[in-house]
Amino acid sequence: MSKQEKSYTSEAKFMLHGGDYNPDQWLDRPDILADDVKLMQLAHTNTFSVGIFAWSTLEPEEGVYQFEWLDEIFSNIHSIGGKVILATPSGARPAWMSQTYPEVLRVDGSRVKQLHGGRHNHCFTSKVYREKTQQINRLLAERYGDHPALLMWHISNEYGGECHCNQCQDTFRNWLMNKYNGELKALNDAWWGPFWSHTITDWSQIESPSSIGESMVHGLNLDWRRFITDQTISFYKNEIIPLRELTPTVPITTNFMADTNDLIPFQALDYSKFAKHLDVISWDAYPAWHNDWESTGDLAMKVAFIDDLYRSLKQQPFLLMESTPSGVNWHQVNKTKRPGMHLLSAMQMVAHGSDSILYFQWRKSRGSSEKFHGAVVDHDNSAENRVFKDVAEVGQTLEKLSNIVGTNRPADVGLLYDWESNWALNDAQGFGLETKRYPQTLQDHYRTFWEKDIPVDVITKEQDFSAYKLLVVPMLYLVSEETISRLKTFVSNGGTLVMTYISGLVNEHDLAYLGGWHKDLQEIFGIKPVETDTLYPRDQNTITYHNKTYSLKDYATVIELTNANIEGLYVEDFYANSPAITSHQYQSGKAYYIGGRLEDAFQKDFYETLIEELNLAPISNVKHEKGVSVQVRSSAESDYIFVMNFTEQNQPVLFESLVTDMVTGEELVGEVVLRKYEVRIVEKSNS
Ligand code: GLA
Ligand code: ZN
């Protein structure tokens, strides 16, 4: 099946626009609920995620239910032709439940039971919590399953965290028994048992790591992380049982996250596993636009990278489930979006495959911690302020883009991201403790393609490699024999593979490969990496590559050449004049190894050469300067081209062939100047 055919076609043939709506905070204000309906229309919104944190309103006392208010919200939204993404309320629970059934409360790594409070803090194993969740979910499905406004299920909210209670410990032990077929020897082998006398002689001795940095048993840490992912999925699967039973045709999603300080993919759960259980991927994006440490373009590249990863999890369009129309309340500095940025940042999501722009939240809370978080409707209840107007503009724009719904973006370049390898690498004591930066390294390799408008699928290891001409695999520290053999097949069949320093060092148990680099990797690359040198921040080295010099930092691999060609050499240190970059023709394909961490200019020149060699065409023929990004979604009929100015200056762009602006209807050809943060969405007919 081609990637195009696998496209998710949403139930609705329109772009979703709206967001988290928490009317349960306003039930004593019918005037405000009535205003909501009017304002929703003025904002050109059509879809609302409802009930995310409404458990205490839905079930104020155990077994006493209140649905009438939600009936009314459903009919309000339906009356304006809108849709509801109905949430299951497990993200936060009523106080009575924590009081009556303390087992629902989470126990932290130091074995301290948490008090009721906050949210997203229940035990994923608790039988009671699982039963209660299923019960309320069943009632919601029974009551609203046939409602014409119901579009989709939003399961819980931003699953994350871990619990160390006794029930979780027992379940972890069972998970391990199952994984190691009841053989303690297998577990001890995988965990390198005798190290510091950690051999386990009875399953009951196993305890979760109090915190990963404190436990030196890497196999245990890695298995615990895997267990957390599995246990979270298991909780989710328990939640959806009544929904699959009663509403088999209603799609299901849960909102994924990013880690936000540096804007990298969410680290704590392996989303590649989770994705298989969802019908649609959705995520919550909160980039710190206009920050004082990076350019707007650099940040845009990071957003694009996550979009491309989350889209590629299912190779189909995704949903932006949450974003802010202005600022958030939890960044170090909560800056509002400058004029133009809201439309631009929204269109960037659509450009990379989102079929929605949804917000947290519709109406700003009056009290508690989110009362100053950006929202569509501010405390002034007005449709006249800047933020509201920006939202309405996005709504009007999306109304013109409905042909784009369900379309995907083909890519010839795959960039491999692996959660497990990153966990193990972060756990590894060695290298530079602060400089591993795996996700950031992937971004460094992604940047050139982004700047050159070459689409990239950021894929995970179980995906089909054969779909790509070029597969880039930076810092894949942990790699199983199976993945190695699939990489080998990829190259033998004609693929081009790029790998870097700190790759292929340990197997899936985080045990080092013995006897040097894996024989298959040696065969593919024609080299033996023999040492990884780690540099201090002030250490200087350079490499020469195709007659140019590039600076190197953090890592340099000493390489012994067997069959490869030398493409670049180290300049300094005891490995001066030895190979830093190599290439090797292996059967019908080619394998490149990059031994050191190099400045951006290297990535740019290196990948430019590959782009030429492999004939990787930019996705459109729109010409522009740096800081402008062009992304395309396409259907059989048309290419939908997003031209986005992520700079603070006017930018001339050149349309080489005739296109139609999808928003203004103008026909464009030749040079067009984009103002600061301006975006143009144009259609180019394929006929
Ligand atoms: C998360 C949550 C929302 C809200 C926002 C605020 O994404 O899912 O409920 O708290 O953060 O940015
Ligand atoms: Zn627990």
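## Zinc site, ligand pocket and backbone outliers

Biologist: How are the donor residues of the zinc ion (ligand 2) spaced in sequence?

Modeller: This is a predicted model. The donor residues of the zinc ion (ligand 2) follow a fixed spacing in sequence. That spacing reads C-x39-C-x1-C-x2-C.

Biologist: Which parts of the chain does the pair Cys123 and Cys163 link?

Modeller: The two residues are 40 residues apart and sit in distant parts of the chain. Both Cys123 and Cys163 are buried. Cys123 is in the loop between helix 4 (95-100) and helix 5 (127-144), and Cys163 is in the loop between strand 4 (150-154) and helix 6 (166-179).

Biologist: Why is the arrangement around the zinc ion (ligand 2) called tetrahedral or otherwise?

Modeller: Coordination comes from Cys123 (SG), Cys163 (SG), Cys165 (SG) and Cys168 (SG), at 2.3 Å. Four donors count as tetrahedral if all angles lie between 85 and 135 degrees. The four donor atoms here pass because they subtend angles of 101 to 114°.

Biologist: Which side chain has an N or O atom 2.3 Å from an oxygen atom of ligand 1?

Modeller: Take three polar side chains at ligand 1. Arg119 places a polar side-chain atom 2.8 Å from a ligand oxygen. For Glu322 the distance is 2.5 Å. The 2.3 Å distance belongs to Glu370.

Biologist: How much of the area that ligand 1 exposes when taken alone does the protein bury?

Modeller: The residues around ligand 1 include Phe53, Asn157, Tyr286, Trp330 and His373. Taken alone, ligand 1 exposes 310 Å². Of that, the protein buries 96%.

Biologist: How many nonpolar, polar and charged residues does the shell around ligand 1 have?

Modeller: Asp284 and Glu158 are among the residues around ligand 1, as is Phe360. Sorted by class, the shell has four nonpolar, two polar and five charged residues.

Biologist: Where is Gln361, which a cis peptide bond joins to Phe360?

Modeller: Phe360 is one of the residues around ligand 1. Its bond to Gln361 is cis, with omega about -10°. Most peptide bonds are trans. Gln361 is in the loop between strand 11 (356-359) and helix 12 (386-399).

Biologist: How many residues of helix 11 (residues 341-351) are buried?

Modeller: The buried residues of helix 11 include Met341, His342, Gln348 and Ala351. Just after the helix, Gly353 takes a positive phi of about 125°. Helix 11 is largely enclosed by the rest of the structure, because the buried count is eleven of the eleven.

Biologist: Which backbone nitrogen does the side chain of Ser126 reach at 2.9 Å?

Modeller: Ser126 is in the loop between helix 4 and helix 5. Its relative accessible area is 0%, so Ser126 is buried. The side chain reaches the backbone nitrogen of Val128 at 3.4 Å. At 2.9 Å, the partner is Tyr129.

Biologist: What distance separates the C-alpha atoms of Leu86 and Tyr144?

Modeller: Leu86 is in strand 3 (residues 83-87). Its relative accessibility is 0%, so Leu86 counts as buried. Leu86 and Tyr144 are 58 residues apart along the chain, and their C-alpha atoms are separated by 8.7 Å.

Biologist: Is Asn615 buried or exposed?

Modeller: Asn615 has a positive phi of about 60° although it is not a glycine. Asn615 is in the loop between helix 17 (600-613) and strand 23 (628-634). With a relative accessible area of 61%, Asn615 is exposed.

Key. Residues are numbered from 1 along each chain as its sequence is written. Chains are lettered from A and ligands numbered from 1 in the order in which they are written. This is a predicted model: local features need pLDDT of at least 70, side-chain atom pairs count only at pLDDT 80 or more; totals for chains, interfaces and linings use all residues. Side-chain values use heavy atoms; hydrogens and water are left out. A residue is near a molecule or strand if one of its heavy atoms lies within 4 Å of it. A polar contact is a pair of N or O atoms within 3.5 Å; within protein, one must be able to donate a hydrogen and the other to accept it, and residues adjacent in sequence count only if both atoms are side-chain atoms. Accessible areas come from the Shrake-Rupley method with a 1.4 Å probe; for residues, only the protein chains shown count as cover. Ala, Val, Leu, Ile, Met, Phe, Trp, Tyr, Cys and Pro count as nonpolar, Asp, Glu, Lys and Arg as charged, and the others, Gly among them, as polar. Donors are N, O and S atoms within 2.8 Å of the metal (3.2 Å for Na, K and Ca); water is not among the atoms, so sites may look incomplete. Four donors count as tetrahedral if all angles lie between 85 and 135 degrees; four count as square planar and six as octahedral if opposite donors are over 155 degrees apart and all others between 65 and 115; anything else is irregular. Helices (H or I, at least four residues) and strands (E, at least two) are DSSP runs, numbered from the N terminus. Buried means under 20% relative accessible area, exposed over 50%, partly exposed in between (1.4 Å probe, protein chains only).
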